[in-house]
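Hi,

Here is the structure I promised to pass on. Have a look at it first, and then read on for what turned up.

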Amino acid sequence: IMVHSTLALSLLLIAVSSNLAMAIKKEKRAPQTLSRGWGDEITWVQTYEEGLYQAKKSNKPLMVIHHLEDCQYCQALKKAFAENEEIQEMAQNNFVMLNLMHETTDKNLSPDGQYVPRIMFVDPSLTVRADITGRYSNRLYTYEPQDIPFCKSQLLSH
């Protein structure tokens, strides 16, 4: 009887630990925190400094998305950005990607103010591209969900 209960206990422990291992694995595959909903397949850098380093190293431009959680315009843009396959593919393959919910100390990233949503680009020579702008003269670096096609054509030309 002792052997039986030891065996049963061992099997139970194995079952529990493999379930736990599966739960931990599933946990790892959950949406990555750095994407913040902008696209879980995209490799996101954690900081502006890391973004600059990766841009220089990979010779790809850095895309910096400034947004806030409680901003309805940010939420709408995020949804459109995340659901657009072409944008997601370009973000995965052609850019170093960073989304920020706070301002950086680089004043070049806020040439016309610290509004959100705001998307700016930094080329691999680490120059902030103030010339790449959206459609709105009052907020040059704002894009709205309906601007996604415009945004795509702009990204392709740079």
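With which side chain does the side chain of His-67 make a polar contact? With that of Asn-99, at 2.9 Å. Before I go further, please keep in mind that this is a predicted model.

His-67 is a handy place to start. His-67 sits in the loop between E1 and H3, and with a relative accessible area of 1% it is buried. Apart from neighbours within four places in sequence, His-67 touches Arg-36, Trp-38, Cys-74, Lys-78, Asn-99, Leu-100, Met-101 and Val-116.

Now the overall layout. The protein has 5 helices and 3 strands, and going along the sequence they come in the pattern α-α-β-α-α-β-β-α. Of its 158 residues, 37% count as buried. If you take contacts between residues at least 6 apart in sequence, 65% of them join residues at least 24 apart.

On to the inside. The largest nonpolar core is made of 20 residues, and those with the most contacts within it are Met-63, Ile-65, Phe-81, Met-97, Phe-121 and Leu-155. Two or more residues of this core come from each of strand E1 (62–66), helix H3 (72–83), helix H4 (85–94), strand E3 (118–122) and helix H5 (148–157). There is also a second, separate core of 15 residues, with Val-45, Leu-62, Tyr-115 and Val-128 among them. Met-97 is worth clicking on: leaving out neighbours within four places in sequence, Met-97 is in contact with Ile-42, Thr-43, Trp-44, Val-45, Leu-62, Met-63, Ile-65, Phe-81 and Ala-91.

Then the rings. The structure holds 2 aromatic pairs. In one of them, the ring centres of Trp-38 and Phe-81 are 5.4 Å apart and the planes are at 80 degrees, so this pair is edge-to-face. Trp-38 belongs to the loop between helix H1 (2–29) and helix H2 (48–58), while Phe-81 belongs to helix H3, so the pair ties together parts that lie 43 residues apart in sequence. Both partners are tucked away: Trp-38 is buried at a relative accessible area of 0%, and Phe-81 is buried at 1%. You will have seen Trp-38 above as one of the contacts of His-67, and Phe-81 as one of those of Met-97.

The other pair is Phe-95 with Phe-121, and this one is tilted, with 5.9 Å from centre to centre and 50 degrees between the planes. It links distant parts of the chain too, as Phe-95 is in the loop between H4 and strand E2 (96–100) and Phe-121 is in strand E3, 26 residues apart. Phe-95 counts as buried at 8% relative accessibility, and Phe-121 counts as buried at 4%.

One more ring to look at is that of Tyr-115: the charged end of Arg-118 sits over it, 5.7 Å from its centre.

Which residues of H2 are buried? They are Tyr-48, Gly-51, Leu-52 and Ala-55. These four span an arc of only 100 degrees around the axis, which means they are on the same side of H2. That buried side packs against E1, E2 and E3. The face of H2 turned away from it carries the exposed residues Glu-49, Tyr-53 and Lys-57.

Finally, some backbone details. Most residues other than glycine have a negative phi, and most peptide bonds are trans. With that in mind, here are three spots to check:

- Asn-59 comes just after H2, in the loop between H2 and E1. Its phi is near 60 degrees, a positive value in a residue other than glycine, and at 61% relative accessibility Asn-59 counts as exposed.
- Leu-126 is in the loop between E3 and H5. Its phi is near 70 degrees, which is also positive, and with a relative accessible area of 34% Leu-126 is partly exposed.
- Pro-117 is in the loop between E2 and E3. The peptide bond leading to it from Val-116 is cis, with omega near -10 degrees. Val-116 is also one of the residues in contact with His-67, which brings us back to the opening question.

Cheers

Conventions: Residues are numbered from 1 along each chain as its sequence is written. Side-chain values use heavy atoms; hydrogens and water are left out. A nonpolar core is a set of buried Ala, Val, Leu, Ile, Met, Phe, Trp, Tyr and Cys residues joined through side-chain atoms within 4.5 Å. Buried means under 20% relative accessible area, exposed over 50%, partly exposed in between (1.4 Å probe, protein chains only). Contact means heavy atoms within 4.5 Å. Rings of Phe, Tyr and Trp (its six-membered ring) pair if their centres lie within 6.5 Å; planes under 30 degrees apart count as stacked, over 60 as edge-to-face and the rest as tilted. A charge sits over a ring if NZ of Lys or CZ of Arg is within 6 Å of the ring centre and within 35 degrees of the ring normal. A polar contact is a pair of N or O atoms within 3.5 Å; within protein, one must be able to donate a hydrogen and the other to accept it, and residues adjacent in sequence count only if both atoms are side-chain atoms. The arc is that of the directions from the helix axis to the C-beta atoms.
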